[in-house]
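Colleague: Could you take a close look at one part for me, the side-chain contacts? I am new to this, so please go through them step by step.

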Amino acid sequence: MKPLVLICSQDPEFYLVHSHILEVDGFTIQLAGGVEEALALASEREPKAVVLDCQPAIATGSIICARFKGEPRTGGLPVIALIAPGAENQHLDLLKAGIDESFVRPFAPAKLLDCLRTKLALPKSGSNGIENGSWLCCGSLEMKVDAHRVRGNGHEIHLGPIEFKLLRLLLETPGTVFSRDELIVAAWPENIHIGPRTVDVHISRIRKALKRASPGSVIRTIRSAGYSLEEPDTEPDAE
């Protein structure tokens, strides 16, 4: 049975993005908009973990966390806060409320998946749910993370370290749109300033490599949003 994760958010876009990431990795998702709804759903559905959307204008994350931690039936549930830029001042209140883990957005989705699997004692796998040894797969495109190898239609694809990290993030959750900021967090060290144009250049290099070895694998450009890896059997709308 797939573990249920409760997402507490009033932002439809936040819910759609993060529910997709978790569902692809094998979790079941339930949305809760407020404190009372979250507690009622926790009593009815018995989730295994809770993810809080912490926005600058809505400081209810710590309240929800404190209520969960104060109830005997839900006190042991892992509660994870995803803090939006500008809401960093909520850290202290979340810690006082007993938060188990927090991430400031943007961050690599693999961090959230690894955190959930660790706290729920679940085996780690490729977050796109397709695992062959340690290969991540999407159609004819394959990546073996530990060996730093990429194949398309059985042919080796040679990528530099940055391109490898970028493609890994896209491969972990095909179809998910990642902003340039999220791609920068995933591929570059924290102490290096990277502009959006640099991301575009590296994505262009990956596209050229895929076009030669795996022409069915398409990286889509979503105007003003970012990039995603096209899943097989979908209509591409790459620019």
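Modeller: Happy to! A residue counts as buried when its relative accessible area is under 20%, as exposed over 50%, and as partly exposed in between. Please keep in mind that this is a predicted model.

Let's begin with the cysteines. Searching the whole structure turns up zero disulfides. Take Cys138: the nearest cysteine sulfur belongs to Cys137 and is 8.9 Å away, and Cys138 is in no disulfide. Cys138 is buried, at a relative accessible area of 6%. Cys65 is buried too, at 0%. The closest cysteine sulfur to that of Cys65 is in Cys54, and no bond forms because 8.8 Å is too far.

Now the charged side chains, where the structure has 10 salt bridges. One of them joins Asp100 and Lys69, with N and O 2.7 Å apart. Asp100 sits in the loop between α4 and β5, while Lys69 belongs to helix α3, 31 residues away in the chain. Asp100 is partly exposed at 33%, and Lys69 is partly exposed at 24%.

Another salt bridge pairs Arg205 with Glu163, at 3.4 Å between the closest N and O atoms. Arg205 is in helix α8 and Glu163 in helix α6, so this contact ties together parts 42 residues apart in sequence. Here the partners sit in separate classes: Arg205 is partly exposed at 47%, whereas Glu163 is buried at 7%.

Last come the rings, with a count of one aromatic pair. The ring centres of Phe103 and Phe107 are 5.2 Å apart and their planes meet at 20°, so the pair is stacked. Both Phe103 and Phe107 are buried.

Terms used: Residues are numbered from 1 along each chain as its sequence is written. This is a predicted model: local features need pLDDT of at least 70, side-chain atom pairs count only at pLDDT 80 or more; totals for chains, interfaces and linings use all residues. Side-chain values use heavy atoms; hydrogens and water are left out. A disulfide is a pair of cysteine sulfur atoms within 2.5 Å. Buried means under 20% relative accessible area, exposed over 50%, partly exposed in between (1.4 Å probe, protein chains only). Rings of Phe, Tyr and Trp (its six-membered ring) pair if their centres lie within 6.5 Å; planes under 30 degrees apart count as stacked, over 60 as edge-to-face and the rest as tilted. A salt bridge is a side-chain nitrogen of Lys or Arg within 4 Å of a carboxyl oxygen of Asp or Glu. Helices (H or I, at least four residues) and strands (E, at least two) are DSSP runs, numbered from the N terminus.
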